[in-house]
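Dear colleague,

Please find below the structure that I am handing over to you. My account of what was found in it follows directly after.

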Amino acid sequence: MEPRQLGHTGLRVSRLGLGTLSWGRETSDQEAAAVLKAFWEAGGTLVDTADVYADGTAEHLLGRLLETIVPREDLVIATKSGCVADPHRAVDASRGHLLTALDASLRRLGTDHVDLWQVHAFDPLTPLEETLHALDIAVSSGRARYAGVCGFSGWQLAKAATWQLAAPGRARLAGAQLEYSLLQRGVEREVLPGARDLGVGLLPSSPLGRGVLTGKYRDGSAPAGSRGAGERMAAFVSPYLDNTADRIVDAVTTAADGLAVSPLQVALAWVRDRPGVAAPLVGARNAQQLGQALSAEALTLPDEITRALDEVSAPVHRYPDQDWSTL
């Protein structure tokens, strides 16, 4: 699998990452082991998790697999801290909480460091410089090799990245993780231009439009076993089951038919090769789903198909997002 640099850093990651949101819930220990082994054997290196995935079970499971399935040194382990199970405060990115959470993640993962440590969400109740100081401490102490953020808006990302570049000794932001797909191109307004300008690599989550871009929901129903059919994740999928999504999925399917590939391959190749993207994160729940995602590695979309998909999925840009000359 082709490696890429993550932003303007020396960290190299596989251009497809493996997400572990379902580990410990929809994905069993045996399925996780099979997925991780297949990903590693295909040349994949970037594995993304978080301390809140299955209440820490995903990290714990990944840690066990590092002892038995894949050598630790062969993987780029990314985790996230900051989201909390508190009805009064969904995010705690204070320095104290973040560093305590990182130490807990390291214990569950069974390692003395993570390769990429990410603030899981912006915390409006904590000064940003305090949050970023936690990243500096983690990197300078060796507990994290690189630092990043997740779910930051354009101004939040720009402020954070600029602060980190403003003084020697601060850990520059290597990556930003946000949702990005043919069904969700909101990052193109401000986040992606800011990330490219400041040397931050984008790690798209849900690159398959929460599964909708695979075409499995085209008949208006959720197939058995899909996230859309499950009680816990149905609300996650439903926002993309509308007429706009239908039109985009139809275009993806038409392109796939013309190329003799699957809609999944087309959708994944599109987001993987967008400017500024380092590695889409695919949350394969089993080895079969991972195999379908890995099959996109050999696909590069022809320019005319890319332009057609760009056009059919183009988000509406109005002032001040759009250039004055085109208003």
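**The sheet and its helices**

D48 stands opposite A78 in β5. Before going further, I should state that this is a predicted model. The two residues just named belong to a pairing between strand β4 (residues 46-48) and strand β5 (residues 76-81), which is parallel and extends over 3 bridges.

This pairing is part of an open sheet of 8 strands, arranged in the order β9-β8-β7-β6-β5-β4-β3-β10 with parallel pairing. At its edges are β9 and β10, each of which pairs on one side only. In general terms, the strands of a sheet pair through backbone hydrogen bonds, in either a parallel or an antiparallel manner.

Elsewhere in the sheet, β7 and β8 run parallel and are joined by 4 bridges. There, V149 has A176 of β8 as its bridge partner. As for the surroundings of β8, 7 of its 7 residues are buried, so this strand is largely enclosed by the rest of the structure.

Helix α5 (residues 154-165) lies across β7 and β8, and its direction is at about 170° to β8. The axes of α5 and α4 come within 11 Å of each other and cross at roughly 55°. With that angle, α4 is oblique to α5. The crossing in which α4 passes α5 is right-handed. On the α4 side the contact is made by L128, E129, L132 and D136, and on the α5 side by Q156, K159, A160, W163 and Q164.

**The enclosed helix α9**

Which residues of α9 are buried? They are P263, L264, Q265, V266, A267, L268, A269, W270, V271 and R272. These make up 10 of the 10 residues of the helix (residues 263-272), so α9 is largely enclosed by the rest of the structure. The partners against which its buried residues pack include three strands and three helices, as listed here:

- the strands β1 (3-5), β9 (201-205) and β10 (281-282);
- the helices α8 (243-259), α10 (287-294) and α11 (303-312).

**Salt bridges**

A search of the whole structure finds 18 salt bridges. I describe several of them below.

The side chains of D273 and R15 meet in one such bridge, at 3.9 Å from N to O. D273 is in the loop between α9 and β10, while R15 is in the loop between β2 (12-14) and β3 (17-19); the pair therefore ties together parts that are 258 residues apart in sequence. The two partners can also be described by their accessibility. D273 counts as partly exposed, at 34% relative accessibility, whereas R15 is buried, with a relative accessible area of 8%.

R89 takes part in a salt bridge with D123, where the side chains meet at 2.8 Å from N to O. R89 lies in the loop between β5 and α3 (95-109) and D123 in the loop between β6 and α4, so this pair ties together parts that are 34 residues apart in sequence. D123 counts as buried at 4% relative accessibility. Turning to shared partners, salt bridges join E2, R4, R15, R272, D273 and E297 into one network. Both residues of the D273 and R15 pair described above are thus named in this network.

The side chain of R89 also meets that of D92 in a salt bridge, at 3.5 Å from N to O. R89 is partly exposed, with a relative accessible area of 25%, and D92 counts as buried at 15% relative accessibility.

**The surroundings of D74**

Where does D74 lie? Its place is in the loop between α2 (57-68) and β5. At 32% relative accessibility, D74 counts as partly exposed. Leaving aside residues up to four places away in sequence, D74 touches W40 and T45. The C-alpha atoms of D74 and A54 are separated by 25 Å, and the two residues are 20 apart along the chain.

With kind regards

How values were computed:
Residues numbered from 1 in each chain as written. Predicted model: local features only at pLDDT ≥ 70, side-chain atom pairs only at ≥ 80, totals over all residues. Heavy atoms only, no water. Buried < 20%, exposed > 50% of the residue type's maximum accessible area, 1.4 Å probe, protein only. Contact = heavy atoms within 4.5 Å. Pairing = 2+ DSSP bridges. Axes fitted to C-alpha atoms, helices over the stretch in contact; angles between N-to-C directions. Salt bridge = Lys/Arg side-chain N within 4 Å of Asp/Glu carboxyl O. Parallel < 35°, antiparallel > 145°, perpendicular 65-115°, else oblique. Left-handed = near helix turned anticlockwise from the far one by under 90°.
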